[in-house]
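Here are my notes after a look through the model. I've kept them as numbered points so you can reply to each in turn.

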Amino acid sequence: MSSPADNPSEFTAPQISLWRRGLNNLVTVAAITAVIIVLVPLIAVFGYLVYKGIGSINWAFLTQTPKPPGEVGGGMANAVAGSALILAIGSVVGVPIGIGAGIYLAEFGRNRLGDLIRFTSDVLNGVPSIIVGIVAYGLVVLSQGHFSALAGGAALAIMMIPTITRTTEEMLLLVPHAVREAAYGLGVSKWRTTLSITLRTATSGIITGVMLAFARVAGETAPLLFTAFGNQYWNWKINQPTAALPLQIFTYAISPYDEWHKQAWAGALILIVLIVLSVSAVRFVAGRGMLKGAG
Amino acid sequence: MGVSIEVDKLNAWFGKTQALYDITMKVAANHATAIIGPSGCGKSTFVRCLNRMHETVPEARAAGSVHIGELNVYNGSSAVQIRRRIGMVFQKPNPFPTMSIYDNVAAGLKLNGYNNRKKLDEIVERSLKLSALWDEVKDTLRKKSGASLSGGQQQRLCIARALAVEPEVLLMDEPCSALDPISTGKIEELIYQLKERFTIVIVTHNMQQAYRVAEFTGFFLLGKLIEFDKTEKIFTTPSDKRTEDYITGRFG
């Protein structure tokens, strides 16, 4: 009896048909084309922003407040600070509520109330941002009597909540039941298991969801129009009208002045760069605590 | 020290389907008792009723009486209290993936509010030595995640985690079914040593394993305990025809 191992040279790999090789190449090319189609707009947008905006970025732009129309110079520093303030308020309100609701849905939400919350949050996710702005106007601006960073933050929080809720739920449901069982088996109570085991296991996914929501609302203009309203000067008070980068870009872009158009481009570039930087920073900090081989 | 387990007329259900019928048996302290039987006969359900894990499944319930030592499992104690005194090792190794090896072992104590660092260090070392994993992981205790270990190591990690809370009983639900023969050998050896300190109930599909590690064996069929006796007797001269058919491989 001879076995294949006795004389390996006699056994050659079977010929793969021309048809299969051709199809393989075709699908590979199709996949690469799809990748290029996805990347082109991203690179084009960023490249065009750099091309149009980089010329107006200088020290003054990053440190000064806007100059009156007609005067050259000035900057958007107050808008950057205002955006940071509004986003901080939005996150402080929106992230805990979103994560809390997500925990409820994943761990206790197998009932009518859970289905209702899921439906509501999906609908809320689809509500146009200008309408969210009107709601925040009605709730905060009208009751306070003036525009404020608080109102802007509230509008952004409302927009962040559904995204965070649903991603938190999805991420928690991805944690295998066996991991929860392991904790129950050690005599750990359900709430403790949820907080210390399930949530901790899903942390990196939840952070991704939060960052996604953050990046999305960071560029929102419509909900800030009649909540934060905008401001030409520095403001750190949460109950005062506050400048925000997207608002400033909007105002400058629709103005008749060339100088302001240039500054709008620069502002857009700064906005994108800041979003990318803050998302990467959170990822880096969150990633440092990771262990070797952790999931 | 281990304690004995007395089960009296235990019934269990999943929704409307009854999974266990009037199980009555007495598990001896500081011995290993094997539970054998074909798939779906209620072996796992039975051990999960002993530490009230059964009721964590939606719509599952159990009735009857279980005493573990002086502890009445279904009357007067909370499920959480019970589970702190009865360790459990599952079929598939399930370490906490985002925790270090050290934190995995310390998890049961830490999560229940125990925070004495020096004592924790001692307990972690002792538990890992008991589960014969210490030499393989002592240099990477805090650096590596529990999920980075091999399957056999993960299962020994899970055993260490269960032992760290110093239970009186250790329930093992097919602990070797996902492991290779070498890891299985290590865990069987471990069971042999652990018997001196704990009462062990082990569910297994592997009859040789039951024969090797357990002094007593119970044979389950369709939710009923058919025969419960010394392992030797079950495997040589079973008194029930169905037991004989099963162990000689005529069905199941």
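1. What is the order of the strands in the open sheet of chain B? Bear in mind that this is a predicted model. The order reads S2-S1-S4-S5 in chain B, a sheet of 4 strands with antiparallel pairing. Strand S2 (17-27) and strand S5 (71-72) of chain B sit at the edges, and each of them pairs on one side only.

2. A closer look at the S5 edge. Strand S4 of chain B covers residues 60-68, and 2 bridges link S4(B) to S5(B), with the two running antiparallel. For one bridge we can name the residues: Ile68(B) is partnered by Leu71(B) in S5(B).

3. What packs on this sheet? That would be helix H1 of chain B, residues 43-50. Helix H1 of chain B touches strand S1 (5-14) as well as S2 and S4 of the same chain. The direction of the helix makes about 65° with that of S2(B).

4. Now chain B as a whole. Its secondary structure comes to 10 helices and 10 strands. The C-alpha trace spans about 55 × 40 × 30 Å along the principal axes of chain B. A compact globule of 252 residues would have a radius of gyration near 18 Å, and chain B has 18 Å, so the two agree. Of the 252 residues, 50% count as buried. As for contacts in chain B with a separation of 6 or more, 70% of them are between residues 24 or more positions apart.

5. On to the contact between the chains. Chain B puts in 24 residues and chain A 21 residues. On the chain B side, helix H2 (79-85) and helix H3 (101-111) each supply at least two residues. By type, the chain B residues that touch chain A split into 10 nonpolar, 8 polar and 6 charged.

6. One residue of chain A I'd like you to look at is Ser129(A), found in helix H5 (residues 129-144) of that chain. Is Ser129(A) buried, exposed or partly exposed? It has 18 C-beta neighbours inside 10 Å, and because 20 or more would be needed for buried and 12 or fewer for exposed, Ser129(A) counts as partly exposed.

7. What does Ser129(A) touch, leaving out residues up to four places away in sequence? The list is Met159(A), Glu220(A), Ala222(A) and Pro223(A). As for Arg118(A), it is 11 residues from Ser129(A) in sequence, and their C-alpha atoms are 19 Å apart in space.

Methods
Residues are numbered from 1 along each chain as its sequence is written. Chains are lettered from A and ligands numbered from 1 in the order in which they are written. This is a predicted model: local features need pLDDT of at least 70, side-chain atom pairs count only at pLDDT 80 or more; totals for chains, interfaces and linings use all residues. The radius of gyration is taken over C-alpha atoms; the globule rule is 2.2 Å times the number of residues to the power 0.38. Two residues are in contact if their C-beta atoms, placed from the backbone, lie within 7 Å. Ala, Val, Leu, Ile, Met, Phe, Trp, Tyr, Cys and Pro count as nonpolar, Asp, Glu, Lys and Arg as charged, and the others, Gly among them, as polar. Two strands pair if DSSP finds at least two bridges between them. Axes are lines fitted to C-alpha atoms, for helices over the stretch in contact, and angles run from 0 to 180 degrees between N-to-C directions.
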